[in-house]
Each structure stands twice: as C-alpha cells, then as structure tokens.
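Let's take a walk through this one together. Have the picture open beside you and follow along as we go from one spot to the next.

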Amino acid sequence: MASDRTAFLTQMVEISTSTISFGERLSNLVHLLARHLKVDLALYFGLDKSKEVLGLQVSSQGPVPVSGRLEFRLGQGVVGEAAATRQIRLAYRYQEGVVAANAGLERLLPEYETLAAFPVADDNFLYGVLLLADHRERTFGPAERQTIHLVTLMLAGTVRQALLQEDSKKRIAELSVLFEVGKALSATMELDELLERVVSTTAKVISARGAGLHIVDRATGQTKVSSQYGQVPPAQLCPIMPVPAPGGALEPPFIQGQTQDAEGRTHYYLIVPLTFKGHLEGSLCVFDKITPEGEFQPFDPENRQLLFTMAGLIVNALENALTYQQVESLAERNERMVRNLTALQEISRALLTTVNRDRLLEILLQGLIHPQGLGFDRAVVLMVDEAGQTLHGVKGAQRPPEEAAELTLSEALARPPGRPLPVADWQIPLRPDCGSLALAVLQQRAFHIHQRETGTPAALDAQEYFITPLVVKDRAIGVILVDNQDSGRPLEPEPLHVLQMLATQAALVLENARLYSAIEANNRELMLIRERMLESDRLAALSSLASGMAHEIRNPLVSIGGFARRIGKLVEKDSPLRGYVEVIQEEVSRLEKLLKEILDFTGENLSYFGDHDLDQIIEDTLVLVQRDLDAHNIKVVKELAPLPRLHCDDRQLKQVFYNLFTNARQAMSQGGTLTIRTYPVEREDGLYAAAEVSDTGGGIPLEVLHNIFNPFFSTKDYGTGLGLSIAQRIVSRHYGQIEVKNELGKGVTFIVTLPIAKYCLVKDAGRQAAPAGALHVPTGGR
Amino acid sequence: MKKILVADDEMAIRLLYSEELKEEGYEVYTASNGREALEIVEKVPLDLVILDIKMPEMDGIEALRQIKERHPHLPVVLSTAYGEYKQDFATWASDEYLVKSSDLEDLRATVKRYLKD
C-alpha cells in the first residue's frame with residue numbers, strides 16, 4: 001500500500017511540475033486522485049475573480065460542459081461551506097438538507113451517498129474546493145486525508161502558479177502593449193493616424209469587440225466621433241460621455257454598463273474620459289469584451305485601469321499632436337503669407353516701373369497667374385468706360401502649360417503673358433441686374449462666386465470665380481476676375497486676400513497711368529503752343545527788325561531809283577552811261593520788290609474774312625501767272641471739284657496759291673505740267689477742302705526737304721526764301737495744313753487742306769464762321 | 001501854275017519829288033516836317049499837299065489832321081515807306097495814300113488826277 005501511495009504521490013508531483021497546460025494538469029490531477037481513492041466522482045471548483053462564486057472547472061467524468069455550469073456561492077452547499085470555513089466538510093445523503101443544499105450535484109452523480117469537500121488553499125489564498133462524491137457511504141481515514149491534503153496543496157500550487165503565470169503573461173502583454181502604444185504615439189504626429197492606432201490598439205489589448213474615440217471639438221463644444229475600430233454598437237446601445245456644462249460638475253470618472261439589443265443579447269460598455277488640465281477633451285470607449293469562446297463579457301477593473309492608462313497616453317499624445325498641428329499650420333500659414341507678401345512686393349515693385357497702361361496690365365496679369373505670384377489659372381481685367389455705362393474686357397491671361405512656366409516671377413513680370421485670353425468682346429452694362437461683375441463695380445465689393453451665373457460672358461465658363469473691384473478714391477474704375485478653371489483647384493482664401501491687397505495698388509497705378517497720359521497729352525499740347533508762341537515771338541522780332549530796316553532802306557532806294565530814272569532821261573540814247581543807269585534802275589526795282597515781300601510776310605496785315613469759293617480763288621490766281629507759265633512752256637491741268645464755300649481771307653489765299661504756282665513754275669524751267677486738283681476731305685472732326693498743286697520739276701533734293709518751310713530758306717539764286725513760309729503762315733491762320741509730297745525724279749505736290757467752317761468745329765475761326773446750330777460736333781475725337 | 005507842297009524829312013526825296021514835279025510844270029514848295037508844312041499852308045494858297053508820315057517835330061498824320069481842320073477842301077496825299085498802313089488812310093481822312101517807289105509813275109498819275117483842271 002505504501003508503495004502504491006508513493007507511486008501515486010510521485011505521479012502527482014510529476015503532473016503538477018510538468019509543462020503541459022494548466023487545464024490539463026488540473027484535469028490529470030483530479031482524475032488521478034479519483035482513481036487512487038476509488039471514488040466515483042472528483043470535481044474541482046475554482047473561486048472566480050469576484051471571490052464570491054465557486055464554479056465547476058474540472059470533472060473526473062470528462063470535459064465540463066460550458067453551458068449550464070455548476071456554481072456554488074460562498075457558504076452554499078458543502079463546496080461553499082468548505083470554501084467559507086476553509087475546513088473539510090463531509091455530508092451524507094441521509095443528513096437533513098444535504099440533497100437540497102447540493103442540488104446541482106445530483107445531476108452529475110445521481111443517488112450519491114457521500115460528499116466530501118476539501119478547500120484548495122495555501123497559507124494566504126483560497127483558490128477553490130476539491131469535491132469527492134461516492135455512491136457508497138464512506139469515510140476518509142487519516143492516511144487518505146493526508147493524501148488528499150497533499151493533493152489539495154499540489155492543486156493550490158498548480159492554480160497559484162497558473163494564476164501567477166497568467167498574471168505575468170498579462171502584465172507582459174500590457175507592458176508590451178503600452179510600449180507599442182507609446183511607440184506608436186511618438187512615432188507619428190499625424191493626428192488622424194495617431195487616433196486610429198490608439199483606438200485599434202486599445203480594442204486589441206482589451207480584446208473588445210469594438211472601440212471608439214470621441215473628441216470634443218473646441219470650436220463648437222460638440223462631441224464627435226474621431227475614430228472607430230471593430231464593431232461599434234449603435235448610439236442607443238452605448239451612451240456617449242456627456243460634455244459637462246462650462247463651470248458645471250466634473251464628468252464622472254468612468255461609465256460602465258450594459259444594454260440589450262433587439263435579439264436579447266447583452267452588450268457591455270466601458271467609457272473613460274480624456275481629461276487634460278481639468279478639461280474634458282473627449283472619451284475613449286470599448287464595447288463587448290470577447291472571450292476566446294466568442295462570448296461577451298463585462299469589463300473588469302483591470303481593463304478599466306488599462307483603459308485609463310491608455311486614456312492618459314492618448315490625452316498627452318493628443319495634446320502634443322494638436323499643438324504640433326497648430327504649430328505646423330501656423331508655420332505653414334506664415335510661410336504662405338511670407339511667400340504671398342514677397343510676391344505682392346515683387347509685383348508692386350514691377351508695377352512702379354512704368355506708367356504705361358498696357359505694361360501695367362501685363363505685369364498685373366503675370367503676377368496673378370504665375371505660380372510664384374498668386375498662382376491663379378486665369379485672370380481678366382475689365383475696366384469701366386469713360387461714360388461709366390459699361391464694363392469692358394481689357395486684357396486677360398491664362399497660365400501657360402507647366403513646361404513653359406519655368407521663368408521666375410521677376411522674369412515673367414518683365415514680359416507679356418504667354419497665353420493671352422481674348423476678352424475684348426466682353427461688354428457688361430453697369431446695371432444691378434447684370435450679374436456680379438456689374439455689382440462688383442456698383443457696390444464696390446468683392447464677390448466669390450461658386451456657381452456660374454447666367455448672363456456672364458461665354459468665355460467665362462468657370463463655376464467658381466472671384467471678382468474684386470479696382471477702387472480709387474471711392475470710385476470703381478474696373479474689376480479683376482480670377483479663377484482656377486484649368487486645374488479645378490478651389491480658390492483658397494489666402495491668395496484671394498492678397499489679390500484684394502494687390503487690387504488696391506493696381507487700381508492706384510492704373511489711375512495714375514491714366515492721369516499721367518492725360519498730363520502727357522496736355523503737356524504735348526502745351527509744348528506745341530509754346531513752340532508756336534516761340535515761333536511767333538521769333539517771327540515778331542524778325543518782323544519788327546525787318547520792317548524797321550525796310551523803311552530805312554526804302555527812302556534811299558526811292559531816291560537812288562528816282563534819280564537814276566531822271567539821269568536816264570538826260571543821257572543820250574547811244575551813250576554808254578545809259579546801260580549803267582538802267583542797271584541801277586533794275587537793281588533798285590528788284591530791291592523794292594524784295595522789300596515788299598518782306599513787309600508782306602512780317603507786317604501785321606489786317607485780315608478780311610468772308611465766304612469764298614476755293615476754285616474761284618485758284619482760277620483768279622492762275623490768271624496772274626498764266627503769262628509766266630505760257631512763257632516757260634508749262635501746261636496747266638485743272639481738276640476742280642465743286643466745294644462748299646470757305647470762310648477765308650481770299651487775298652491771303654491768293655497769295656498762297658500765287659507762291660505755290662510761282663515755285664512750280666521756277667521748278668519747271670524747262671517746261672512741264674502744272675496740275676491743280678481740288679476735292680473734299682472727310683475727317684474725324686469735320687469736312688475739309690483740299691487743293692493739290694503738282695509740278696513735274698523733278699522733286700526737291702532730300703537734304704533740303706526739311707528746310708523748305710523755313711523763312712529765308714531758298715535754293716534759288718534770287719528770291720527771298722519767304723514764299724513757302726508765307727504760304728504756311730497763311731494756311732495755319734486759316735486752321736489748315738500744308739503738306740508736301742516729294743517724288744524724287746518726278747516732281748513735288750503741295751497739298752493745302754482748309755477746314756470748311758460750316759462742317760467743322762474749328763477753334764476761333766469756326767466759331768465766328770458758322771452759326772452754332774449748324775456746327776457739326778465731332779464724335780470720337782480726343 | 002498849280003502850287004504843290006512836298007513835306008518830307010529826307011532831303012533826297014524832297015529834291016527828287018520837286019525836280020520831278022517842276023518838270024511836270026508845277027510850282028513846288030518843300031518842308032522838312034509837319035510844322036514847316038503847316039506854316040507854308042497858311043502862307044501860300046496851295047492846290048495839293050504831299051505829306052510823308054514819319055517826320056520829326058510833327059508827323060504827317062498830325063499835319064494832315066490840322067490841314068484838314070482848316071482847309072477841308074485842300075487835297076492831301078500821304079506818301080510813305082510804310083506799305084502796311086495803306087488800309088488805314090481812309091480813317092485819317094487823307095485823299096490818297098501812296099507807297100513810295102522809285103518808279104515815280106504813281107506820283108505823277110496821282111498829282112495829275114487832283115490837278116487836272
């Protein structure tokens with residue numbers, strides 16, 4: 001017997017120290033004991049974590065069914081009593097109340113007679129109860145009791161070892177999870193990714209069916225789902241941690257509970273708050289702890305503790321990530337702002353380099369579309385017309401394809417946009433019902449359009465576009481329109497903000513350019529007037545000098561000439577003196593003629609304006625030179641068109657044509673053709689009469705051409721050189737022009753153009769000449 | 001014999017005109033300024049006066065005015081180197097305005113017109 005016992009105990013020690021799993025060890029120990037003691041049934045009841053209930057874990061009959069587990073509360077039945085008292089309990093069927101108290105056991109061993117319960121415990125803890133049952137009525141002798149005691153100690157050791165092993169395994173798992181979570185949290189700064197990882201790791205660690213993270217939106221104060229993992233029950237099955245009212249009570253430390261779904265299945269949830277510096281940042285929740293068998297379990301305090309640890313990690317990581325995100329977005333914003341402001345500054349600087357409106361528009365458009373500028377796909381400038389009635393397209397540009405856009409911004413600003421956008425036909429009436437382009441001007445405000453309006457120009461095919469007015473001194477002079485139609489990118493607020501800053505400056509420089517060109521035009525006019533005044537000053541000085549000299553010279557000339565004639569009368573016909581005297585007379589005559597011309601040019605001749613027929617004036621003048629022309633074998637061709645009467649000084653105009661005819665005659669010393677044509681000319685500011693005088697004298701040498709209207713310039717050996725300048729003065733007094741068309745080798749054509757006062761708005765002369773009602777007001781002139 | 005006064009500050013002109021007119025058969029008086037001319041007008045019963053405009057002491061315009069004041073029917077011809085005043089002679093109430101010329105035809109013709117009878 002003793003050797004039996006020794007063999008049994010040896011076997012027991014071998015089993016309890018073997019490396020097979022805890023469950024098998026336990027099962028083997030119980031089986032072996034039952035066989036050794038020859039009892040019908042041996043059961044092991046383990047104390048659960050609540051330390052309240054003892055559940056059947058091992059049976060010598062075979063595997064314990066999972067459903068309908070046999071349980072005893074502490075103090076209930078022999079099992080409960082043995083556990084509660086930590087004493088061996090023996091019970092027999094015949095004893096009163098035994099069958100009732102141990103009801104569950106009847107199922108396993110019907111008609112049992114003996115029940116013996118032995119607490120399985122060490123010095124500190126109770127782990128469970130070993131129950132032996134038999135059909136016989138039997139007792140356990142001291143040897144058997146000692147054996148059983150030894151077995152319970154072995155069981156306790158095995159269970160403790162298993163528990164410790166499980167516990168350390170769990171600790172290791174938790175630590176590795178925390179390590180993994182910590183690593184994950186520090187590995188990424190992308191908030192979204194971070195939250196995903198936290199939630200999935202949490203669910204896995206706690207072996208929950210699902211997990212969710214709710215973050216309080218700081219802007220709205222609302223809680224929203226930030227991340228989810230696994231199976232998350234609908235909201236009615238799981239409450240969301242409520243956001244405490246500001247200044248109200250703090251949130252509960254955690255929420256734990258259970259609900260039932262429509263099929264009657266129980267779900268469990270556990271929610272812990274995410275608090276940072278006393279503020280609720282959100283909550284972390286897990287749902288339905290799953291056993292390896294797929295059953296749902298409530299969460300235990302260890303899970304809760306782990307969840308709190310996770311929550312602490314999450315809050316820190318969240319704060320870090322949020323701070324990082326804020327810093328990063330601030331940095332990015334700063335960088336964008338610096339970039340935009342740099343672009344703005346560069347564009348502004350370029351805008352200050354010119355006052356040419358076209359150039360300014362080019363710079364502006366390049367700045368708007370260049371990637372280093374404001375980077376819009378397309379930009380159009382529209383300006384309000386002078387009457388303030390219409391907004392019309394002035395210039396547009398489109399961003400060139402990427403390969404062509406390798407210029408830097410400053411290089412691009414120095415040249416016109418590569419892809420102009422035809423916008424010349426954009427005409428938008430400035431009425432409130434004509435869309436936001438018109439409204440931008442009328443209300444002087446910007447519009448961000450997200451849906452294309454009807455009535456906009458067909459070329460404006462974008463759905464989203466932005467319009468900003470160009471405002472100077474409370475007056476909108478135009479608008480800038482931009483879109484990202486080609487790339488389909490949305491219009492970001494920042495470039496639009498910069499655009500509005502740029503628009504202010506662009507408006508100013510465009511207005512300055514307009515003023516500058518107006519000043520320039522005025523200046524040109526003033527210069528012209530000054531030149532004319534200088535010329536007239538010069539001529540006045542010249543004329544006073546010339547007339548003074550002429551008077552002084554004329555008296556002696558008259559005496560010389562007069563006495564020469566008298567001498568001529570006294571000299572004999574065949575005397576050699578006669579020739580001399582005649583030379584004196586002729587030379588004096590020539591000088592007198594010269595004097596007369598000078599005085600005609602310089603003298604303040606009074607004008608006699610009247611209505612005259614230009615053709616008649618020409619005919620009258622031709623009579624004066626006809627004999628001279630005939631003498632030089634010059635043919636006259638006349639093509640005179642009937643013209644309205646001119647308001648002019650006919651005597652002065654005769655002088656003009658006399659001079660032109662005389663010049664022509666002198667140019668054709670070998671004969672030729674003098675052609676005279678008249679015809680009407682329609683100009684922007686009214687109707688003119690033109691008279692052409694052409695000769696066939698070979699033309700004027702180029703080197704002297706620019707001098708021909710200068711007073712005292714002459715190519716002839718005789719003559720004053722005043723002919724053409726007198727003609728020019730007279731014509732300009734009539735607000736006309738005299739032009740010369742020189743064909744070298746052929747001849748010269750002088751074209752005299754004179755306003756027909758009734759049809760022209762000709763400064764002073766016109767105002768005198770025509771009644772106000774008959775004035776034809778020019779249109780389109782400047 | 002018809003009497004003509006020639007007033008001119010230029011001695012050469014006075015000489016030329018008087019020689020020319022004497023040859024035509026007139027009796028010629030001369031003066032070198034307006035004042036002298038007025039004196040002669042008062043002393044001599046003249047038929048025609050020829051006045052230069054620009055003269056020292058008293059110019060031809062003033063002399064013309066005074067002569068016409070006292071002798072409205074005495075013909076006075078202005079003879080001058082200033083061609084450009086031709087248009088104004090009427091306002092000065094002269095009977096004729098001659099621009100001086102070495103060709104004395106104008107002078108002879110004008111004198112003849114006033115003194116034909």
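**A walk through two chains**

At 22% relative accessibility, E106(A) counts as partly exposed. Keep in mind that everything here comes from a predicted model. So who does E106(A) pair up with? Its side chain meets that of R93(A) in a salt bridge, 2.9 Å from N to O. The two sit 13 residues apart in the chain, with E106(A) in helix α5 (residues 103-108) and R93(A) in the loop between β4 and α4.

Stay with R93(A) for a moment. Its side chain also reaches the backbone oxygen of Y112(A), at 2.5 Å. If you skip its neighbours within four places in sequence, the residues in contact with R93(A) are V99(A), E106(A), P110(A), E111(A), Y112(A) and E113(A).

A bit further along the chain there's another pair, E144(A) and R138(A), whose side chains form a salt bridge at 3.0 Å, N to O. Are the two partners buried or exposed? E144(A) has a relative accessible area of 25%, so it is partly exposed. R138(A), at 10%, is buried.

Now jump to K289(A), which makes a salt bridge with D300(A), their closest N and O atoms being 3.2 Å apart. This pair links distant parts of the chain: K289(A) belongs to strand β11 (residues 279-290), while D300(A) lies in the loop between β12 (296-297) and α8, 11 residues away. Both K289(A) and D300(A) are buried.

D300(A) has another job for us, as it leads into the next helix. It caps the N-terminal end of α8(A), with a side-chain oxygen 2.8 Å from the backbone nitrogen of N303(A). Helix α8 runs over residues 301-351 of chain A, and at 1.5 Å a residue its 51 residues should span 75 Å; the end C-alpha atoms are 72 Å apart, so the two values agree.

Next up is α9(A), covering residues 357-369. Its 13 residues should span 18 Å by the same reckoning, and the ends are 19 Å apart, which agrees. At the start of α9(A), a side-chain oxygen of N356(A) comes to within 2.9 Å of the backbone nitrogen of D358(A). How much of α9(A) is buried? The count is 10 of the 13 residues, so the helix is largely enclosed by the rest of the structure. Among those buried residues are L360(A), L361(A), E362(A) and I363(A).

Time to meet chain B. It has 4 helices and 5 strands, which follow the pattern β-α-β-α-β-α-β-β-α along the sequence. Of its 117 residues, 50% count as buried.

Where do the chains touch? The contact takes 20 residues from chain A and 22 residues from chain B. On the side of chain A, H551(A), N555(A) and R566(A) lose the most area to chain B, together 31% of what that side buries. About 1,800 Å² is buried between the chains, with carbon and sulfur atoms giving 51% of it.

Charges show up here too, with 4 salt bridges between the chains. One of them joins K569(A) to E20(B), the closest N and O atoms being 3.3 Å apart. α12 (493-570) and α13 (576-602) each supply at least two residues of the side of chain A that touches chain B, and α12(A) gives the most, with 14 residues. That side divides into 7 nonpolar, 6 polar and 7 charged residues. To finish, look for the salt-bridge network that links R566(A), K569(A), E20(B), E23(B), E105(B) and R108(B).

Key: Residues are numbered from 1 along each chain as its sequence is written. Chains are lettered from A and ligands numbered from 1 in the order in which they are written. This is a predicted model: local features need pLDDT of at least 70, side-chain atom pairs count only at pLDDT 80 or more; totals for chains, interfaces and linings use all residues. Side-chain values use heavy atoms; hydrogens and water are left out. The expected span of a helix is 1.5 Å times one less than its number of residues. Buried means under 20% relative accessible area, exposed over 50%, partly exposed in between (1.4 Å probe, protein chains only). A polar contact is a pair of N or O atoms within 3.5 Å; within protein, one must be able to donate a hydrogen and the other to accept it, and residues adjacent in sequence count only if both atoms are side-chain atoms. Contact means heavy atoms within 4.5 Å. Buried area is the accessible area (1.4 Å probe) that two parts lose on being put together, summed over both. Ala, Val, Leu, Ile, Met, Phe, Trp, Tyr, Cys and Pro count as nonpolar, Asp, Glu, Lys and Arg as charged, and the others, Gly among them, as polar.
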